[in-house]
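I sat down with a fresh notebook page and a cup of coffee to look this one over. Here is what I looked up, in the order I went.

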Amino acid sequence: MSHPPLCSCDSSPGSNSFMVQTEGISFAIGRQFIELRIFRDPNIACDRSIGMDKLELNVNSFQAAVRYRRSIRNAFIDGRKTDAVYWEPARRTMKFTNLQIPCTIDPTGVLLTFDVVNDYTLEDICGGPVCQYAAFDTSGVDGTCPVGFFQAA
């Protein structure tokens, strides 16, 4: 089941220009490697100086958020390590924060990479073969946060 972000942001399609798509998924013993491409729709204005600051994934249930919250490791945004990965079980979300992706990114976008460990998969975390996300232009609960989907399997 999908749900919009539980905040006062504008989650309507096209409210900001950032989108996410699956670039690659591969496996090794006990872990899954995820590559997500974050890019901009050039037809939608990017008015905020910060661009995109936070990516939230819908985890679908409180129980899933608690169960999988230690399963994300080695997160990088375009090669820059980020430890800003947070789980919020009450809101059923997992967040990558402090992304600091500017409006001026290359048209090909940036790559967010991370490992899912403990024999879990992104499909487990998202509750199915598709993940719902919200791309925030601010670090808070206001601003814009259009909802989209990408492949988890």
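**Surface and overall build**

I began with the outside: the protein exposes about 7500 Å², and carbon and sulfur atoms supply 51% of that area. A reminder to myself is that this is a predicted model, and every value here is computed from it.

Next I asked how much is hidden: of the 153 residues of the protein, 48% count as buried.

I then checked the dimensions. Along its principal axes the C-alpha trace spans about 40 × 30 × 25 Å.

For the fold, I noted two helices and 10 strands. Reading along the sequence, I wrote down the pattern β-β-β-α-β-β-β-β-β-α-β-β. The radius of gyration is 14 Å, close to the 15 Å that the globule rule gives for 153 residues, so the protein is as compact as a globular protein of that length.

I also looked at which parts of the chain meet. Among contacts between residues at least 6 apart in sequence, 69% join residues at least 24 apart.

**The sheet with β3 and β9**

I traced an open sheet of five strands in the order β6-β7-β3-β9-β10, with antiparallel pairing. Its edge strands are β6 (85–88) and β10 (147–151), each of which pairs on one side only. From one strand to the next, the twist averages 30°.

I zoomed in on one pairing here. Strand β3 (residues 54–58) and strand β9 (residues 130–136) run antiparallel and are joined by four bridges. Following them across, I found Lys54 opposite Phe136 in β9.

**The sheet with β4 and β8**

A second entry goes to the open sheet of five strands ordered β1-β2-β8-β4-β5, again with antiparallel pairing. I marked β1 (18–28) and β5 (80–81) as the edge strands, since each pairs on one side only.

How many bridges join β4 to β5? I counted two between β4 (residues 72–77) and β5, and the strands run antiparallel. Phe76 has Lys81 in β5 as its bridge partner.

**The disulfides**

I searched the cysteines and found that the structure holds two disulfides. For the margin: a disulfide is a covalent bond between the sulfur atoms of two cysteines.

One joins Cys46 to Cys103, with an S to S distance of 1.8 Å. Its torsion about the S-S bond is about -65°, so this disulfide is left-handed. The pair links distant parts of the chain, with the two positions 57 residues apart in numbering: Cys46 lies in the loop between β2 (31–40) and β3, while Cys103 lies in the loop between β7 (93–96) and β8 (110–116).

Are these two cysteines buried or exposed? Cys46 has a relative accessible area of 21%, so it counts as partly exposed. Cys103 comes in at 14%, and because buried means under 20%, Cys103 counts as buried.

The other disulfide joins Cys126 to Cys131, with S to S at 1.8 Å. With 90° about the S-S bond, the Cys126 and Cys131 link is right-handed. I looked up the cover on both ends: Cys126 is buried at 3% relative accessibility, and Cys131 is buried with a relative accessible area of 0%.

**Last jotting**

For a quick look back, I have a left-handed link at Cys46 and Cys103 and a right-handed one at Cys126 and Cys131.

Methods. Residues are numbered from 1 along each chain as its sequence is written. This is a predicted model: local features need pLDDT of at least 70, side-chain atom pairs count only at pLDDT 80 or more; totals for chains, interfaces and linings use all residues. Side-chain values use heavy atoms; hydrogens and water are left out. Two strands pair if DSSP finds at least two bridges between them. Axes are lines fitted to C-alpha atoms, for helices over the stretch in contact, and angles run from 0 to 180 degrees between N-to-C directions. A disulfide is a pair of cysteine sulfur atoms within 2.5 Å. Buried means under 20% relative accessible area, exposed over 50%, partly exposed in between (1.4 Å probe, protein chains only). The radius of gyration is taken over C-alpha atoms; the globule rule is 2.2 Å times the number of residues to the power 0.38. Contact means heavy atoms within 4.5 Å. Accessible areas come from the Shrake-Rupley method with a 1.4 Å probe; for residues, only the protein chains shown count as cover.
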